[in-house]
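Thanks, everyone, for making the time. I would like to walk through one structure slowly, keeping the cut-offs in view as we go.

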Amino acid sequence: MKRIMEKVKEIIFGHVGICILLLCAGPFLFISHGIFREIEIEQAPFDSDEEDLIVVGVSQLGSESGWRTAHTLSIQDALTKDAGYFLIFNNARQRQENQIKAIRSFISQRVDYIVFAPVIESGWETVLQEAKDAGIPVIIIDRMVDVDDDSLYTTWIGTDARNEGQKAGRWLERYLRTEGRQSDEINIVVLQGTIGSTAEIGRTRGFEEIAKNHENWHILESATGDFTAIKGKEVMRGMLRRYPDIDVLVSQNDDMTMGAIEAMQEAGVSFGEHGKVKVISFDAIHDALEMVDAGMINVDIECNPVQGAYIDMIIRKLEKGEPIEKSYVVEENVFTKDNVSEFLDGRTY
Ligand code: GYE
C-alpha cells in the first residue's frame, strides 16, 4: 500500500513539477525528454536516403496520462525504421490548434500517411479536407472525429467508450445488489475527462444510460479533471467540501482517480473495498491495477492503448492495395479484486 501511494505521489508530483516548469520556462521545455515520461520524436524532413521508407506523420494529442504514454510507446514501437517506416511524431499538448498545425505541416511535407489521435471530436472538417485534397490517407486512432462525410478519413482504430461507461454502470448495479443496497439512496460524483473528447462523451453517456434506470442513484455533480492527476485531485477536493455524503466516485481515467484518492486521504474520507466511497476507474494501467489488488479501487474498466500494431497492419494492407475496414475496435476487459492478480504480471504499462 505504501509503495503504491509513493507511486501515486510520484505521478501527481510529476505533474506539479511540469506546471511549475512550464510557468517558469515556457513552451520550450515541452521537448525536454523525460518530463512527460515519453519520448518526443521531432524528426527533420526526410531526405533521399529514406526513399524506401514509408513516411508517417503522427499527431499525438498530448501526454496527459499513463495511458497516453503507453499509447505513444505502442505507436513508436510499431513504426520503426526496421519495420520500414520514417516516423515524424508531434505532441500537441492537448491543444487542437497544435494538431491542426502538425497535420498541415505533414501535408506540406507530403508524407505518405497521416495518423492522428484527435483531442476533441469537433472542428476537423477543413484540415481533413486539405489532407484528402492532397491525396494523403488519414488513419484516426484512439478518439474519434465528428464529421458528416466519412470519406474525410480512411479508417479509425479505437475503443468503445460508451460501452466502457455502460460497463461501469452495470458493475455498480451488480455491486449494490450483492451488498443488498440496491434500494438505498446512492450519491455519485463523476470526474470527467477532457470535455468534448470521445472518451469523455462515451463514458459519460454510457454510465448515464444505466444510471437513469435507477431513481435512487443521484449524480450530485459531474466536472472535468481533464484526464490529469493534478486536476482530478483539485476537482475532487472541491467535491468533498461540497458533498459530505458521497457513496460512489466515477473517475474517467486512472490518473484522475489517483489524484482523487489523494484528495480523499487528505480529507480523511475512506474509500475502496472497505471504505465509504466506492471507486470506479477507467484505463487499467499497471499502477491502478495494483490499487485494485490492494482494495483501493473497486473496479477498473479497461481501455486498451496498444494500437500501434493495428496502424502497421492497416498501412501494410493499404500499400498492397488490399481492402481494410472502416473501423477497428480493440478488445477490453473489466478488472476487480477477483480477477486482477492474473493480469498484473503481464501488464507492461
Ligand atoms: O482513457 C485517458 C487519456 O482517449 C481513451 O485519454 C483515451 C483517454 C484515456 O488521457 O487516460
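Let me begin with helix H6, where ten of the 14 residues are buried, so this helix is largely enclosed by the rest of the structure. By buried I mean that 20 or more other C-beta atoms lie within 10 Å of a residue's own, while exposed means 12 or fewer and partly exposed is in between, with C-beta atoms placed from the backbone. Before going further, I should say that this is a predicted model, in which local features need pLDDT of at least 70 and side-chain atom pairs count only at pLDDT 80 or more, whereas totals for chains, interfaces and linings use all residues. Residues are numbered from 1 along each chain as its sequence is written.

The helices and strands I name are DSSP runs, numbered from the N terminus, with H or I and at least four residues for a helix, and E and at least two for a strand. On that basis the protein has eleven helices and twelve strands, and 45% of its 349 residues count as buried. Two residues are in contact if their C-beta atoms, placed from the backbone, lie within 7 Å; of the contacts with a separation of 6 or more, 76% are between residues 24 or more positions apart.

Back to H6, then. The buried residues there include Thr198, Ala199, Glu200, Ile201 and Phe207, and what the buried residues pack against is H5, E6, strand E7 (217-224), E8 and E9. From its first C-alpha to its last, H6 reaches 20 Å, close to the 20 Å expected at 1.5 Å a residue, where the expected span is 1.5 Å times one less than the number of residues.

Helix H5 (residues 161-178) can be treated in the same manner: its 18 residues should span 26 Å at 1.5 Å a residue, and the end C-alpha atoms are 26 Å apart, which agrees. Among the buried residues of H5 are Ala161, Glu164, Lys167, Leu172 and Leu176. Their cover includes helix H6 (198-211) together with strands E6 (186-192), E8 (248-251), E9 (278-283), E10 (299-302) and E12 (334-335). Just after H5, Gly180 takes a positive phi of about 70 degrees.

On strand E7, which we met a moment ago, sits Ser222, and this residue counts as partly exposed because it has 17 C-beta neighbours inside 10 Å. Leaving aside neighbours within four places in sequence, Ser222 is in contact with Val190, Gln192 and Thr204.

Where does the nonpolar packing concentrate? A nonpolar core here is a set of buried Ala, Val, Leu, Ile, Met, Phe, Trp, Tyr and Cys residues joined through C-beta atoms within 7 Å. The largest has 47 residues, and those with the most contacts inside it are Met236, Leu249, Val250, Ala260, Met264 and Ile280. A second, separate core of 39 residues includes Ile75, Ile120, Trp124 and Met144.

Now the ligand, which 13 residues surround, the closest being Ser65, Trp67, Ala199, Phe227 and Asn253; near means that a residue's C-beta atom, placed from the backbone, lies within 6 Å. The elements giving two or more residues to this shell are helix H2 (66-78) and E9. At least three shell residues come from each of domain 2 (53-158 + 306-332) and domain 3 (161-303), with domain bounds taken from an automatic or database assignment.

Within helix H2 we find Gly66, which is buried, with 22 other C-beta atoms within 10 Å. Gly66 and Tyr349 are 283 residues apart in sequence, yet their C-alpha atoms are 7.6 Å apart in space. Beyond residues up to four places away in sequence, Gly66 touches Asp254, Asp255, Ile285, Asp287 and Tyr349.

Finally, some backbone angles to check. Most residues other than glycine have a negative phi. Asp142, in strand E4 (residues 138-142), nevertheless has a positive phi of about 65 degrees, and Asp142 is buried, with 26 other C-beta atoms within 10 Å. Ala284, in the loop between E9 and helix H9 (286-293), has a positive phi near 70 degrees, and Ala284 counts as buried, with 26 C-beta neighbours inside 10 Å.
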